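Student: I have a model open and want to understand its packing. Can we go through it by question and answer?

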Amino acid sequence: MTPFRRLSVVVLGMHRNGTSAVAGTAVRLGLAPPKTMLPPSPDNPGGFYESAMIAGLNQWLLRNAGCEWHDCLSFDTNRLSVALRADMLNMGLEIVREEFAGAPAFVVKDPRLCLTLPLWLPALHAAGATVSVLLVIRHPNEAVCSLVRRDKIPESAVASLWLHYMLEAERVTRALPRAVIAYDDL
């Protein structure tokens, strides 16, 4: 394994929690953004600061487990096959190398990382990065209302998703250096 010589700051939180604003702030403070960022959209004109490649691999992982970002309550990284986990390590490591090249400190952000981070940690470590986490919290009503407007998903389903994402993010980061950022305080 490569000795740690880089810093990866992972921004975690449910969709519409303010993770883009936090990741953008981290970039303005000097962390490297991903090379292939998702483009801004009408619902997020400031941009996502999110790697299209990381988002794509996370989507692939969820689909291979029979899930989607909005239908993931049954997703469990421990149920994935050994072969799928090995593929994830190889693809994840390649993505980290491509997206962040030799950056000494970089930001990684995708809301699905709340669910998939345990699969990304070996790839980040293999790329020589230590991992610290910024966990972004926003009042659930604000995030839920925003998702209901954007995606037309029933409020009851979105509320369950918000809780699932946030509890998973808290659980999978217990052993990592982390800070909690309230969106309202940003």
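Student: Which residues is tryptophan 162 in contact with, leaving aside neighbours within four places in sequence?
Tutor: This is a predicted model. Tryptophan 162 sits in helix H6, residues 155–172. Leaving aside neighbours within four places in sequence, its contacts are Met14, Asn17, Ile137, Arg138, Pro140, Ala143 and Val144.

Student: Is tryptophan 162 buried or exposed?
Tutor: Its relative accessible area is 10%. Buried means under 20%. So tryptophan 162 counts as buried.

Student: What separation do the C-alpha atoms of tryptophan 162 and valine 27 have?
Tutor: Along the chain, the two residues are 135 residues apart. In space, their C-alpha atoms are separated by 25 Å.

Student: Where do the buried residues of H2 fall, seen down its axis?
Tutor: H2 covers residues 52–64. Its buried residues are Ile54, Ala55, Leu57, Asn58, Leu61 and Leu62. They fall within an arc of 165 degrees, so they line one face of the helix.

Student: What covers the buried residues of H2?
Tutor: Two helices and a strand are included in the cover. They are helix H3 (82–100), strand E2 (105–109) and helix H4 (113–126).

Student: Which residue caps the N-terminal end of H2?
Tutor: Look at the backbone nitrogen of methionine 53. A side-chain oxygen lies 3.1 Å from that nitrogen. The oxygen belongs to the cap, serine 51.

Student: Which residue, with a positive phi, follows H2?
Tutor: The phi there is near 75 degrees. The residue is glycine 66.

Student: How is the aromatic pair of phenylalanine 100 and phenylalanine 106 arranged?
Tutor: A search of the whole structure finds one aromatic pair. Its centres are 4.3 Å apart, with 20 degrees between the planes. Both phenylalanine 100 and phenylalanine 106 are buried. Planes under 30 degrees apart count as stacked, so this pair is stacked.

Student: Which element gives the most to the largest nonpolar core?
Tutor: That core has 49 residues, and those with the most contacts inside it are Val10, Leu12, Phe106 and Trp120. Elements giving two or more residues include strand E1 (6–12), H2, strand E3 (129–137) and H6. The most, 10 residues, comes from H4.

Student: How many residues does the other core, with Ala26 among them, have?
Tutor: This core lies apart from the largest one. Its members include Ala26, Val27, Tyr49 and Val107. The size of this other core is 11 residues.

Conventions:
Residues numbered from 1 in each chain as written. Predicted model: local features only at pLDDT ≥ 70, side-chain atom pairs only at ≥ 80, totals over all residues. Heavy atoms only, no water. Phe/Tyr/Trp six-rings, centres within 6.5 Å; stacked < 30°, edge-to-face > 60°. Buried < 20%, exposed > 50% of the residue type's maximum accessible area, 1.4 Å probe, protein only. Helix = DSSP H or I, 4+ residues; strand = E, 2+ residues; numbered from the N terminus. Expected span 1.5 Å × (residues − 1). Arc of directions from axis to C-beta. Contact = heavy atoms within 4.5 Å. Polar contact = N/O pair within 3.5 Å; in protein donor to acceptor, adjacent residues only side chain to side chain. Core = buried A, V, L, I, M, F, W, Y, C linked by side-chain atoms within 4.5 Å.
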